[in-house]
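These are my notebook entries on one structure. I looked up its ion pairs, its strand pairing and its nonpolar cores, in that order.

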Amino acid sequence: MRRTAWPLFVLPAALLFAASCGPELDSIASLETLRIIGLRKSAPYARPGETVKLELLWEDGASPTAASPIERFIGFWCVNPPGDLFGQCLTQIPTIQPQFVFDGDELDITMPTNAVRPAPDGSGAPPYGIAFVFYGVCAGHLTIDGQRPSGLGGALQGGGGALGGGAFGLGGAFDGGSASLVPSCVDDDGNELGSKDFVVGYSAIYAYDTYRNANPILTGFRVNGQDGVLDCLNDECVGRPFTVPETSDCPSGAICVDTCEDDGAVTCPPIAIDPIIDPASAEPDDIAREAYGEDLDEGLWVSYFTDRGGLAEEVRLVNDASTGWAEDPGTDFFAPKEPGPVRMWAVVRDSRGGVAWLRLPVYAR
């Protein structure tokens, strides 16, 4: 069994409005219901006026092989909220003309030309800006103030130029702030759906005049030392279902493992899984060096997901900002009881908003 590494990290797709206490929750690495895997930005650090492509990766673990009627949204309407807090975006009038896409997995947004402003006095930080994007997936129907997106016409379309206030043209939608821009998810009878059927997240994009940050370089995946044939990598995965033949046989050239009667438990034989990540992914943190005099690189970690079987660890450290590259960012997989395809995902994130992901089929025999 591999030793666990514990990085400090923030989940990329936190629920916006609710948290609960109760019995032990299911593993976050087990994809059994609707789930957002992540949001990828073409420029995690953007320049003022730059166009940034957003790509949403999600999976319907409840019916991965069906053409599920999953509705999605990506929205952008908030730059430099008070205190740089995303929650402030939900209590104020939009700071830019909202940009939205419904039932699409990509959205190009434009960082406002005056997004960068001086850092707070005494912070030592360089001038910067911060923009928040919101996104969600719904196994029902998305509505905004009771209206279906198709009935909103062009109201939610528009560019993002310089920052500006002012009311937004959806009637009284913003009388109580802009929280009404976050769609609701309802069933055919108009009843709101719960967390298994509606997942909402947010992500930040920082704006600097000169600083940049690239996404991690994820190139492949190994299972028990064997290079796997990927289903897709990065933008190849966006908007395309996981293409895995439904068979209990072991397809030619595929990675195959033996089933385990203990069905993914840690008592099953461990199967080593390892992402192939270019060490160049750990870029120097120029802001830490120039503004604070600290010799640091980016922190990186990898998250694992599977729809069957089990994992020894859900998250593994790839690069520590101070001590450097981790000797072994992999973990162990435990095979399911029933034969057939197993869908795996690996998502590499850096501490400055960069993301890379892949999907890989494995077959239990």
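**Entry 1: salt bridges**

I began with Asp105, which forms a salt bridge with Arg72; the closest N and O atoms are 3.1 Å apart. The model is a predicted one, and I read each value below with that in mind. The pair links distant parts of the chain, 33 residues apart: Asp105 sits in the loop between β5 (99-102) and β6, and Arg72 in strand β4 (residues 71-79). I then looked up burial for this pair, and both Asp105 and Arg72 are buried.

I next examined Asp84, whose salt bridge with Arg117 has its closest N and O atoms 2.7 Å apart. This pair also connects distant parts of the chain: Asp84 lies in the loop between β4 and β5, Arg117 in the loop between β6 and β7 (129-138), with their positions 33 residues apart. I classed Arg117 as partly exposed because its relative accessibility is 23%, and buried requires under 20%.

The third pair I checked was Arg289 with Asp297, a salt bridge at 3.6 Å from N to O. Arg289 counts as partly exposed because its relative accessibility is 31%. Asp297 is likewise partly exposed, since its relative accessible area is 26%.

I also looked for shared partners. Glu59, Asp231, Arg240 and Arg359 are joined into one network by salt bridges that share partners. For the structure as a whole I noted 17 salt bridges.

**Entry 2: strand pairing**

Which order do the strands of the 3-stranded open sheet follow? I recorded β1-β3-β6, with antiparallel pairing. The edge strands are β1 (34-41) and β6 (106-110), each of which pairs on one side only. From one strand to the next, the twist averages 25°.

Within this sheet I followed the contact of β3 (residues 51-60) with β6: the two run antiparallel and are joined by 5 bridges. Val52 has Ile109 of β6 as its bridge partner.

I then turned to β20 (residues 331-334), which pairs in the antiparallel sense with β15 (residues 271-277) over 3 bridges. Here Ile271 stands opposite Phe333 of β20. Strand β17 (residues 310-311) is also joined to β20, through 2 bridges and in antiparallel fashion. In that pairing Gly310 stands opposite Phe334 of β20.

**Entry 3: nonpolar cores**

I kept one general expectation in view: in soluble globular proteins, nonpolar side chains tend to be buried together.

How many residues does the largest nonpolar core have? I found 29, and those with the most contacts inside it are Phe221, Val223, Val257, Ile273, Phe333 and Val362. The elements that give two or more residues to this core are β11 (218-223), β15, β16 (300-306), β20, β21 (340-350) and β22 (355-364). Of these, β22 gives the most, with 5 residues.

I took Val223 as a probe of this core. Leaving aside residues up to four places away in sequence, Val223 touches Ile255, Val257, Ile271, Ala272, Ile273, Leu360 and Val362. I note that Ile271 is also the residue that stands opposite Phe333 in β20.

Apart from this core lies another, of 27 residues, among them Leu34, Val52, Trp58 and Ile109. Val52 and Ile109 had already appeared in my second entry as bridge partners.

Key
Residues numbered from 1 in each chain as written. Predicted model: local features only at pLDDT ≥ 70, side-chain atom pairs only at ≥ 80, totals over all residues. Heavy atoms only, no water. Pairing = 2+ DSSP bridges. Helix = DSSP H or I, 4+ residues; strand = E, 2+ residues; numbered from the N terminus. Axes fitted to C-alpha atoms, helices over the stretch in contact; angles between N-to-C directions. Salt bridge = Lys/Arg side-chain N within 4 Å of Asp/Glu carboxyl O. Buried < 20%, exposed > 50% of the residue type's maximum accessible area, 1.4 Å probe, protein only. Core = buried A, V, L, I, M, F, W, Y, C linked by side-chain atoms within 4.5 Å. Contact = heavy atoms within 4.5 Å.
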